[in-house]
Amino acid sequence: MLGFLLSAYQLPQASNFAAEVDRIFIFIYWFSIVCFVIIVGAVVIWTHRYGRRKRPEQLTPYIEGHTPTEIGVSVFLFVVTMVMFAWGWKEYSHMRTPPANALQINVIASKWKWKFQYTNGHVQERQLVLPAGQPIRLNMTSDDVIHSFFVPNFRVKQDVLPKMYTTLWFIPTLTGEHDIFCAEYCGTGHSAMLGKVVVMEPAAYETWQRQWELQQAADLMTAAQAVAAGAPAPVGLSSLAEQGKTLFAAKGCIACHSVDGNPGTGPTLKGIFGREEEFIDGSKLVVDENYIRESLNEPNKRIVKGFVPMMPTFQGQLSSEEMNALMAYLQALK
Ligand code: CUA
């Protein structure tokens, strides 16, 4: 009985957040039930007790309010709602602040599938493989409409939006398979926009990634033999940051932005992530994925102090995968 009362959804607690989210939920849930029973009970009892009598001489006496009770109830309810707020806010803040050592994985949502892009270049559809016990930061964006990444066993859910990045972090604690749902109605295929998180022991996860890398190397060798026999050269089987570096040159970014700290026509991109930029209007901002994305799409929206607006827009010229690769390259420019 107690187990039933204390486990919110009878779902496994598979992340570092699950137990605390459940505790807050259970507290609010049972407090609401107790209040409901008391209020409805009082209404029923007093309706019966002070209801209109059959004979008119049995008039119900006029009842004055009771100030201490009114103040007491108000203060009590105020304190309890503040406890709910403070407790919820504390855990919410915890859930919004990814640790610096988190393993970053990009999530690209589209109608109607989830795509996962690892920093080694590995791309998986519908299946997110993770090492247990390691903080994970998901950097998420959508290719079309609003989706929402929801893993009930982890008690995490976050909208995934077009034209911007949202993030989610957690530590998977339970090995095995956990369902991924889309929690935002996104069209006829919404209910089938499913996936699995597969949580492995860290050693098994490493083996899984190495096997993929070995397979890529083997494919490259096969391709190289084919090239020697006259076939076209294979396309990049390289890490995300390497793909980004190639793009950085191919798209001409390198013409204006140095990567060694020297100013060019535009600001240097060495150490760009996490740097505080000051703009010509005096505003400041700490550089993150959303700012880089904005700079690519609307380069003249914010001009860094000391520079002039002359960067062309890259709106519509980069896929989500390519933009993530550029981000990975820029993050590596420490
Ligand atoms: Cu994607 Cu609903």
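# Salt bridges, burial and strand pairing in a predicted model

User: What makes the contact of Lys115 and Glu321 a salt bridge?

Analyst: In this predicted model, the side chains of Lys115 and Glu321 come together with an N to O distance of 2.5 Å. The cut-off is 4 Å between a side-chain nitrogen of Lys or Arg and a carboxyl oxygen of Asp or Glu, so the pair qualifies. It links distant parts of the chain: Lys115 belongs to strand β2 (residues 113-117) and Glu321 to helix α7 (residues 320-332), 206 residues apart.

User: Why is Lys115 called buried or exposed?

Analyst: Its relative accessibility is 18%. Buried means under 20%, so Lys115 counts as buried.

User: How many salt bridges does the structure hold?

Analyst: There are 13 salt bridges. One of them joins the side chains of Asp179 and Lys196, at 2.6 Å from N to O. This pair also links distant parts of the chain, with Asp179 in strand β9 (residues 176-182), Lys196 in strand β10, and the two positions 17 residues apart.

User: What are Asp179 and Lys196 called in terms of accessible area, and why?

Analyst: Asp179 has a relative accessible area of 34%, and Lys196 has 32%. Buried requires under 20% and exposed over 50%, so values in between are called partly exposed. Both residues are therefore partly exposed.

User: Where do Glu206 and Arg210 lie?

Analyst: Both are in helix α4, four residues apart, which is about one turn of the helix. They form a salt bridge whose closest N and O atoms are 2.8 Å apart. Glu206, at 38% relative accessibility, counts as partly exposed, and Arg210, at 39%, is also partly exposed. Elsewhere, Lys113, Glu125 and Arg126 are joined into one network by salt bridges that share partners.

User: Why is strand β5 described as largely enclosed?

Analyst: Seven of the seven residues of β5 (residues 136-142) are buried, so the rest of the structure largely encloses this strand. In a regular strand, side chains alternate between the two faces of the sheet. Here both faces are covered: Ile136, Leu138, Met140 and Ser142 are buried on one side, and Arg137, Asn139 and Thr141 are buried on the other.

User: How do you know which strands pair with β5?

Analyst: Pairing needs at least two bridges between strands. Strand β1 (residues 103-110) is joined to β5 by seven bridges and runs parallel to it, with Ala109 opposite Ser142. Strand β8 (residues 166-170) pairs with β5 over five bridges in the antiparallel sense, and there the bridge partner of Ile136 is Phe170. Seven and five bridges both meet the cut-off, so both strands count as partners of β5.

User: What makes β4 and β7 edge strands?

Analyst: The open sheet of five strands has the order β4-β10-β9-β6-β7, with mixed pairing. β4 (127-131) and β7 (156-160) each have a single partner strand, so one side of each is left without a neighbour in the sheet. For β7, strand β6 (residues 147-151) is joined to it by five bridges and runs antiparallel. Phe149 has Gln158 in β7 as its bridge partner.

User: Why does Ile71 count as exposed?

Analyst: Ile71 has 51% relative accessibility. Exposed means over 50%, so the label applies. Ile71 is found in helix α3 (residues 67-96), and a nonpolar surface patch of about 910 Å² includes Ile71, with Val75 and Phe78 among the other residues that make it.

Methods: Residues numbered from 1 in each chain as written. Predicted model: local features only at pLDDT ≥ 70, side-chain atom pairs only at ≥ 80, totals over all residues. Heavy atoms only, no water. Patch = residues over 30% accessible without salt bridge, like charges linked within 9 Å, V, L, I, M, F, W, Y side chains within 5 Å. Areas by Shrake-Rupley, 256 points an atom, 1.4 Å probe, with all protein chains shown as cover. Buried < 20%, exposed > 50% of the residue type's maximum accessible area, 1.4 Å probe, protein only.
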